[in-house]
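Please look at the sequence and the structure below, and then work through the questions and answers that follow.

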Amino acid sequence: MYTATLCILTYGDHTDLAKRCLQSLVRSGVPLPLVADIRVGLNTVSDDTDNFVAMWAYAASCQLGIPVRLYTPAGNSYKYPTMRRMFRYPAIESDYAISFDDDSYVSD
């Protein structure tokens, strides 16, 4: 059986997009037993987005039993350094990595 790592990069003050993207992963019927872990990059997000993602990550990891890792920019790093950290630390061990921006979502 194949496994996948889901990587989601959120941006700026767009809490509504982060909510739609992250909540769609749970509602869509994605075969979650095939998901090895979920990684969410917080690229200079607002406090509202940061708070929502933190609550979602905790609830998702408890409810789904899947590790959810959060990545925040280090120093003055932005999109690409955050993405590199998401994809490299720790190394992805699943068969596939699926990447989403926060304006993406999984349709029912």
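**A charged network and its surroundings**

Aspartate 37 is buried, with a relative accessible area of 5%, where buried means under 20%, exposed over 50% and partly exposed in between, for a 1.4 Å probe and protein chains only. This is a predicted model, in which local features need pLDDT of at least 70 and side-chain atom pairs count only at pLDDT 80 or more, while totals for chains, interfaces and linings use all residues. Residues are numbered from 1 along each chain as its sequence is written, and side-chain values use heavy atoms, with hydrogens and water left out.

Q: Which residues are joined into one network by salt bridges that share partners?
A: A salt bridge is a side-chain nitrogen of Lys or Arg within 4 Å of a carboxyl oxygen of Asp or Glu, and by this rule the count comes to two. In one of them arginine 39 meets aspartate 37 at 2.7 Å, N to O, and arginine 69 also forms a salt bridge with aspartate 37, with the closest N and O atoms 2.8 Å apart. Because these salt bridges share partners, the network consists of Asp37, Arg39 and Arg69.

Q: How many residues apart in sequence are the parts that arginine 69 and aspartate 37 tie together?
A: Arginine 69 forms its salt bridge with aspartate 37. Arginine 69 lies in strand 3 and aspartate 37 in strand 2 (residues 35-43), strands being DSSP runs of E with at least two residues, and helices runs of H or I with at least four, both numbered from the N terminus. The pair therefore ties together parts whose separation in sequence is 32 residues.

Q: Is arginine 39 buried or exposed?
A: Arginine 69 has a relative accessible area of 30% and is therefore partly exposed. Arginine 39 has a relative accessible area of 2%, so arginine 39 counts as buried.

Q: In what order do the elements of the protein run from the N terminus on?
A: The protein has three helices and four strands. Read from the N terminus on, these elements run β-α-β-α-β-α-β.

Q: Where in the protein is confidence highest?
A: Confidence is given as pLDDT, the predictor's value for each residue from 0 to 100, and the mean for the protein is 85, with 88% of its residues at 70 or more. Where pLDDT is low, the predicted coordinates should not be read in detail. Confidence is lowest in helix 3 (residues 79-88), at a mean of 82, and highest, at 92, in strand 3 (residues 68-71).

Q: Why is the pair of tyrosine 2 and tyrosine 96 edge-to-face?
A: A search of the whole structure finds one aromatic pair, where rings of Phe, Tyr and Trp (its six-membered ring) pair if their centres lie within 6.5 Å, and planes under 30 degrees apart count as stacked, over 60 as edge-to-face and the rest as tilted. The rings of tyrosine 2 and tyrosine 96 have centres 5.7 Å apart, and the pair is edge-to-face because their planes stand at 65°.

Q: How many residues apart are the two tyrosines of this pair?
A: Tyrosine 2 is in the segment before strand 1 and tyrosine 96 is in strand 4 (residues 96-101). The pair thus links distant parts of the chain, with a separation of 94 residues.

Q: Is tyrosine 2 buried or exposed?
A: Tyrosine 96, at 48% relative accessibility, counts as partly exposed. Tyrosine 2 has a relative accessibility of 57%, so tyrosine 2 counts as exposed.

Q: With which residues is isoleucine 98 in contact, leaving aside its neighbours within four places in sequence?
A: Isoleucine 98 lies in strand 4 and is partly exposed, with a relative accessible area of 36%. Contact means heavy atoms within 4.5 Å, and, with those neighbours left aside, the residues in contact with isoleucine 98 are Ala4, Thr5, Leu6 and Cys7.

Q: What is the phi of threonine 44?
A: Most residues other than glycine have a negative phi, and most peptide bonds are trans. Threonine 44, in the loop between strand 2 and helix 2 (47-64), is not a glycine, although its phi is positive, at about 45°.

Q: What is the omega of the peptide bond from tyrosine 89 to proline 90?
A: Proline 90 is found in the loop between helix 3 and strand 4. The peptide bond from tyrosine 89 to proline 90 is cis, with omega near -10°.
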